[in-house]
Structure formats: structure tokens, C-alpha cells
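Trainee: I am new to this structure, and I would like to understand how each label attached to it is justified. Please take me through the reasoning step by step.

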Amino acid sequence: MNKFLDILFTLPKLGYKNLILIFIYKFKKKYNIYQSLSPLGKCPALVSIDSKKIEHRFPITKNNSEYIKEANKLIDGEITFFLSDTFRIGTSPDWFYNPFKKRYFAKAGKLHWSKYKIFGNDDIKICWDLSRWSWAIILARAYKVTKKNKYINSYNSWIKSWINKNPLNSGPNWICGQECSIRLLQAIISWQILDYPLKLPNITKERKKFIEAHLERIFLTRVYAEAQQNNHWISESAVLFIGGGLINNKKYLKYGREGIEKSIRSLIMEDGTFSQYSINYHRVLLDTINQVEIWRRKLNLCEFSQRFYFKCQKAIKWFSYFVDEKSGDAPNLGGNDGSYCYQFNDFNYRDYRPSLYFASKLFNLKFEILENYINNEFEWFQIPKTVSKEKEL
């Protein structure tokens, strides 16, 4: 009886619309609708990057040394999970190996994603972490700065390995729309790095197919993302918008823009607090909206609503209150799973200033403590630091 009352008390707090969306998602999973709409197949292959065709070298900046060290560790077979635990797993990663428990994820890569059980004896995030492709940015940047073939060779071989071991719509790495979003955006960023100084990455037919495969998967379960009322909704909308813009797909572009507008209005409160009540997830929020604004400018797309920019500025201002001026650290409030995506900097994971600085410049806010802060994202993305006069909020 008490359990029944607890459920009745909880349901309204979850939101009836969200419950309906979750019901739709569960129904489609149970009755194989997703399996029919997203059949198993080969993951679209990406052509290996030919170092002879990469003519331009990115100018060496002061803080590239740590990034190159990280690239060398990857080549030597050392991988750090969640930015805290390092394991030697070999120069050719096994995408389904759990180094914490020294065993493999069950039936990885053999089942349709809708049939894969993610809650078991192993933490699925261990599998997801390596498949977020953060290494693609690290290796691409190391090559572009040094022009040493060992970095581009590892970049090519890791991508080929991942594609071969993760057939389209199969296994754990296709389960989550947000994980697909993070992987795709980090791949796109790595192309932007390698194709520098082009304003936009060269979207070859192979890259276009890779983007389309991911966007189709993300779009398929957009109801689940919205029902979560957290960074899933923002991340997946952001990548539908960016990916749709890059391949000029009006459907994904439209749904992405609408999702970004709605999620930011809904999940950021009037004082700038983010719905997840977490310092680290708040940084994920800022890093995601940074990417949205970067690619909106690069693709010459229309601005978002004034309400969107107001909420983003409020979220940036809220975050600034918690970041220490000298160390860049912040209180470890709320959940923290080590997420730190889309990064170009070489600073410590606990240094929150890079994300704050980048966001403040993109969204035209001024913080005196950050005026002399080093940040290379603007050079890599080839965008001006401001588009209008900076202001205080």
C-alpha cells in the first residue's frame, strides 16, 4: 500500500507529458518497432586521412605540450577513463573490454541496441567512455601541430577499428542517443582540426553517410531525450542542429533548433541554475551551448531567440560564482561522472576556467578575472572572440 501511495505521489512530479513520452519509447522497444525502423547494418566507413594531402600545419601555441603528451600516451596504449583511472590496454583498443573488472561486456556488438541490457554487473559508462571519441580530437590536434605521421596513423586505425567492431545499430555504443551525439560531434571537431584552415570541414560522401547514420539514430528516440529533462535533450538537439546544418538536412536542422530552444527555456532557471544541480553537468551544458553557437556562426545560420541567449548568459553567470579565480577549481556539487567533451585545452580536468572563458566570450559577457586567460578554441575554429560589445549581466 505504501509503495502504491509513493507511486501516486511521485507521478505528478515526473510530469505527465514525460511519462507519456517514456511510455512511447518503452512500447516501441518492447514490440520491436525500433528494431524495424533502425535495422542492423554496416557502420558507414570513413576514408583514412592521407597525411600527404594535409598541407597546412597549425601554428604552435604555448600550451600544446600537454596535449601532445596525452596523444603519446594513447599511442603507447595508455587510456584514462573518466579522466581519473589510467589503464594500459594496448595500441589497438578493445571497445568492449572493462579494465576495471578485467572482463568483457556481454554480447557486445551482436545484439540490436534496443535488445541490449545496459544495467547489469558492469557500468555501461566504462564502455561508452572510450567510444565518445575524445581521442580523435587529441590525435588530430597532435598531428596538426607536429605533422608527425604516428598521430594520424593511430587516428586512422582507431576509427577503422571502431567502425568494424560497432556495426550500425548494434550493441551498447548505439543504445544511447546522447552517446551517439557526443561521438558524432567529436568526430566533426576532429575533421575541423585536420581540415584547418578551411572554415568548415570538408563533408565528403563518406563523412556525410557517417553523419546521416548518427542523426537517424538520434532522431529516432528524441522522445526519450526530451522525457529525461536533462542534458540528453540538450546534447541530442544540439547535434541534430549542427549535423543537420553541415549536411543541409532541413528536417534535422528544424528539430534540432526547436529542441535547443525548448530545452534551454525549460531546463535553465531564471537565476541560471541548471536542472541537474551539478557543477560538472553544468559545465557539460556550457560546453554544449558553446558548440551550438560556434557552428551556428560558422554555418551562417539564423540566431536563436533572445530568450535563448538570456538563459545562456544567466547559466554562465551562475557558473562563474563557483569557479575559483586562482586555481580554476569549483565545489564538487552534485553528480560527477568525469564527463568533459569537445576540449582543446591542456588544463587540469578540475580547472573550470576554460569552459567559462569560452562561454563568456561567445555569449558576450565580461569577467575581469578571465581577461588574460589563454584559450585556443577561437583560433582552431577561426571565429572572432566577440560579435558585439561585451556586457556585464
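**How the labels are earned**

Mentor: The buried residues of α15 are R353, P354, S355, L356, Y357, F358, A359, S360, K361 and L362. What you see is a predicted model, in which local features need pLDDT of at least 70, side-chain atom pairs count only at pLDDT 80 or more, and totals for chains, interfaces and linings use all residues. Residues are numbered from 1 along each chain as its sequence is written, while side-chain values use heavy atoms and leave out hydrogens and water.

Trainee: What makes helix α15 largely enclosed by the rest of the structure?

Mentor: A residue is buried when its relative accessible area is under 20%, exposed when it is over 50%, and partly exposed in between, using a 1.4 Å probe and protein chains only. A helix is a DSSP run of H or I with at least four residues, a strand is a run of E with at least two, and both are numbered from the N terminus. Helix α15 covers residues 353-362, and 10 of its 10 residues are buried, so the rest of the structure largely encloses this helix. Its buried residues pack against α13 (279-298), α14 (306-320) and α16 (377-381).

Trainee: How many helices and strands does the protein chain have, and what percentage of its residues count as buried?

Mentor: The chain comes to 16 helices and 4 strands, and 56% of its 393 residues count as buried.

Trainee: Why is the pair E179 and R132 called a salt bridge?

Mentor: In general, side chains of opposite charge can pair when their charged atoms come close. The label requires a side-chain nitrogen of Lys or Arg within 4 Å of a carboxyl oxygen of Asp or Glu. For E179 and R132 the N to O distance is 2.8 Å, which is within the 4 Å limit, so the pair qualifies. E179 lies in helix α8 and R132 in the loop between α5 (124-130) and α6 (134-146), so the salt bridge ties together parts that are 47 residues apart in sequence.

Trainee: How do you know that R132 is buried, and which residues does R132 touch?

Mentor: R132 has a relative accessibility of 10%, and it therefore counts as buried. Contact here means heavy atoms within 4.5 Å, and, not counting residues up to four places away in sequence, R132 touches E179, I182, R183, Q186, S339 and C341. The C-alpha atoms of R132 and I182 are separated by 5.9 Å, although these two residues are 50 apart along the chain.

Trainee: What makes K17 exposed and its salt-bridge partner E226 buried?

Mentor: K17 reaches 53% relative accessibility, so it counts as exposed, whereas E226, with a relative accessible area of 18%, is buried. The closest N and O atoms of K17 and E226 are 2.9 Å apart. This pair links distant parts of the chain, with K17 in helix α2, E226 in helix α10 (residues 222-228), and their positions 209 residues apart.

Trainee: What separates E293 and R297 along their helix?

Mentor: Both lie in helix α13, 4 residues apart, about one turn of the helix. Their side chains meet in a salt bridge at 3.1 Å, N to O. E293 counts as buried because its relative accessibility is 2%, and R297 does so because its value is 12%. In total, the structure holds 14 salt bridges.

Trainee: How do you know how many disulfides there are?

Mentor: A disulfide is a pair of cysteine sulfur atoms within 2.5 Å, and a search of the whole structure finds 0 of them. The sulfur of C180, for instance, has its closest cysteine sulfur in C176, 7.1 Å away, which is too far for a bond. C180 is itself buried, because its relative accessible area is 0%.

Trainee: What makes a set of residues a nonpolar core, and how many residues does the largest one have?

Mentor: A nonpolar core is a set of buried Ala, Val, Leu, Ile, Met, Phe, Trp, Tyr and Cys residues joined through side-chain atoms within 4.5 Å. The largest one has 118 residues, and those with the most contacts inside it are W133, W135, Y155, F210, L215, I264 and W295. Helix α8 (residues 177-194) gives the most to this core, with 10 residues. Leaving aside its neighbours within four places in sequence, L215 is in contact with L184, V239, L240, G243, G244, I247 and Y252.
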